Amino acid sequence: MSESATPYPYSPGLEGVPAGVSQISEIDSDRSSLQYRGYDVHDLAEHGSFEETAFLLLHGHLPNQHELTDFNNRLGTEREVPDAVYTALQALPPTTHPMDSIRTAFSVLAAFDPDYTEPATNHEANLRKAERIVAKAGTMVANGHRIRQGLNPIKPNPEHTTSENFLHLMTGTAPDPKTAHLLDASLTLYAEHGFNASTFANRVTVSTLSDLYSGIVTGIGTLRGPLHGGANEEAMRMLLEIGEPSNAQAWIDDALETKKKIMGFGHREYKKGDSRAMYLTKIAKALGIEKGNTKFGEIADILEDTMRERKNIFPNVDFPASYAYYLLDIPIDLYTPIFVVARVSGYCAHAIEQLSNNRLIRPKAIFDGPANLTYVPLADRA
Ligand code: SDX
């Protein structure tokens with residue numbers, strides 16, 4: 001590796017490397033806290049709604065009642081999607097993972113956006129696109145789930161919130177208020193998280209002056225991986241594999257012995273625990289008691305105690321989210337798509353921020369390969 005090639009500090013995976021300036025959220029690893037535009041995420045989850053959070057992320061301030069009513073009305077009228085989206089989803093094999101379905105759905109949706117031809121730098125058009133994206137994500141995930149079962153898509157009810165709409169379309173029945181409230185809190189917690197891999201990928205995409213939808217598709221493709229958003233689905237499969245609390249200690253001992261990555265644990269930023277996990281764990285455990293199924297919470301305690309004692313590693317948001325969603329009877333492979341339903345609000349906020357003061361994101365590579373070789377004609381090569 002040539003010395004001159006490293007004028008700046010290099011860190012694998014860009015760990016600890018500031019890659020931009022943002023006003024959208026702040027993660028405090030030492031205090032295990034997360035704030036969206038200055039508001040503690042626990043306050044937003046406890047006292048607000050996902051729609052208030054989405055407005056805050058997109059428009060930069062908490063809405064007053066008039067602004068929130070107007071925002072909810074705009075979202076409500078934008079829940080429906082063009083039939084072409086459903087036609088595309090019907091063309092996919094029913095075995096397609098819902099993350100690939102929602103990624104495909106957004107690619108199709110983009111072409112039908114009324115502001116499709118607007119330049120990427122049109123701020124007002126981007127805000128209109130962002131609201132349509134937030135409004136429609138849940139519709140496409142839930143109706144995509146219906147389509148893969150051979151069912152017809154359901155028309156959204158414009159009076160429903162994002163959570164109510166998702167549950168109504170996913171189940172085909174009126175949304176249970178308690179379930180909708182818990183889902184709503186999880187959407188607030190999942191909405192935004194700084195320069196995580198998928199949000200940063202989104203910013204790289206729009207930094208070329210590509211459009212908001214291209215950034216969303218990039219984000220979804222990046223979120224899909226099990227080291228990132230895909231962890232909530234994998235964590236639930238792990239809990240089901242363990243099965244009973246009596247199996248948990250032997251399972252985790254063997255997993256650590258064989259150097260397995262425990263899904264739903266660890267975080268690049270939080271080194272003393274993920275504040276969102278603490279909040280969601282309370283919800284998940286209370287659900288277990290209410291549903292008469294506390295075994296996942298009991299397994300969780302054993303895994304968390306062992307990971308903390310042996311490796312000083314803590315659960316992240318995906319771990320409690322997994323068994324909370326399971327107890328809410330949500331299909332396991334919809335867990336990461338639900339993450340998308342929430343995170344598109346953060347993706348759009350970051351894309352709009354990037355475009356408002358843009359500089360192409362293009363880091364250097366440290367070259368570590370061969371150089372100045374002599375070309376050998378094909379006939380002379382061994
Ligand atoms: C999300 O960035 C974000 O903000 C993401 C997110 C968001 O809201 O957008 O918070 C959402 O993606 C949460 C993370 C979900 N992913 C997982 O749960 C997958 C399992 N977690 C790990 O793969 C890992 O913890 C990462 C990827 C999340 C973070 O890894 P880092 O920072 O790259 O740390 P590392 O892999 O270099 O690990 C450091 C040490 C290693 O031990 P040694 O090899 O040095 O002995 O900690 C160990 C790792 O083996 N370790 C784990 C572990 N996580 C780290 N060991 C077992 N199980 C784990 N989960």
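Trainee: Is Leu167 buried or exposed?
Mentor: Leu167 counts as buried, because its relative accessibility is 4% and the cut-off for buried is under 20%. Keep in mind that this is a predicted model.

Trainee: Which helix is Leu167 in?
Mentor: Leu167 belongs to helix H7, which covers residues 162-171.

Trainee: And what is Leu167 in contact with, leaving aside neighbours within four places in sequence?
Mentor: Leu167 is in contact with Gly172, Thr173, Pro175, Thr179, Ala180 and Leu183. There is also a spacing you can check on screen: the C-alpha atoms of Leu167 and Gly138 are 8.9 Å apart, while 29 residues separate the two in sequence.

Trainee: Let's switch to His145. Where does it lie?
Mentor: You'll find His145 in helix H6, residues 123-148. His145 counts as buried, because its relative accessibility is 9%.

Trainee: What does the His145 side chain make a polar contact with?
Mentor: With the side chain of Arg148, at 3.0 Å. Not counting residues up to four places away in sequence, His145 touches Met170, Pro331 and Leu334.

Trainee: Which other side chain does Arg148 join in a polar contact?
Mentor: That of Asp333, with a polar contact of 2.7 Å. So Arg148 has a side-chain polar contact with His145 and another with Asp333, because in each case an N or O pair lies within the 3.5 Å cut-off.

Trainee: Where is Asp333, then?
Mentor: Asp333 sits in the loop between H15 and helix H16 (335-356). Asp333 still counts as buried, because its relative accessibility is 17%. Leaving out residues up to four places away in sequence, Asp333 touches His97, Pro98, Arg148, Glu233 and Arg237.

Trainee: New topic: how many residues does helix H14 have?
Mentor: H14 has 17 residues, 295-311. From its first C-alpha to its last, H14 reaches 24 Å, close to the 24 Å expected at 1.5 Å a residue.

Trainee: Which residues of H14 are buried?
Mentor: They are Phe296, Gly297, Ile299, Ala300, Leu303, Glu304, Thr306 and Met307. Their cover includes helices H11 (231-242), H12 (245-257), H13 (275-291) and H15 (318-327).

Trainee: What follows H14?
Mentor: Asn312 does, and its phi is positive, near 50°.

Trainee: I can see a ligand too. How many residues surround it?
Mentor: 24 residues surround the ligand, and the closest are His193, His267, Arg268, Arg276 and Arg343.

Trainee: Which backbone atoms should I look at around the ligand?
Mentor: Try Leu227, where a backbone N or O atom lies 2.9 Å from a nitrogen atom of the ligand. A polar backbone atom of Ile262 is 2.8 Å from a ligand nitrogen atom, and a polar backbone atom of Gly264 is 2.8 Å from a ligand oxygen atom. On its own the ligand has 1,000 Å² of accessible area, and the protein covers 72% of that.

Trainee: Zooming out, how many helices and strands are in the chain?
Mentor: The chain has 16 helices and three strands. Its radius of gyration is 22 Å, close to the 21 Å that the globule rule gives for 382 residues, so the chain is as compact as a globular protein of that length.

Trainee: What share of the chain is buried?
Mentor: Buried residues make up 51% of the 382 residues. Of the contacts with a separation of 6 or more, 75% are between residues 24 or more positions apart.

Trainee: And how much area does the chain expose?
Mentor: About 18,100 Å², with carbon and sulfur atoms supplying 53% of it.

How values were computed
Residues numbered from 1 in each chain as written. Predicted model: local features only at pLDDT ≥ 70, side-chain atom pairs only at ≥ 80, totals over all residues. Heavy atoms only, no water. Helix = DSSP H or I, 4+ residues; strand = E, 2+ residues; numbered from the N terminus. Buried < 20%, exposed > 50% of the residue type's maximum accessible area, 1.4 Å probe, protein only. Contact = heavy atoms within 4.5 Å. Polar contact = N/O pair within 3.5 Å; in protein donor to acceptor, adjacent residues only side chain to side chain. Expected span 1.5 Å × (residues − 1). Rg over C-alpha atoms; globule rule 2.2 N^0.38 Å. Areas by Shrake-Rupley, 256 points an atom, 1.4 Å probe, with all protein chains shown as cover. Near = heavy atom within 4 Å.
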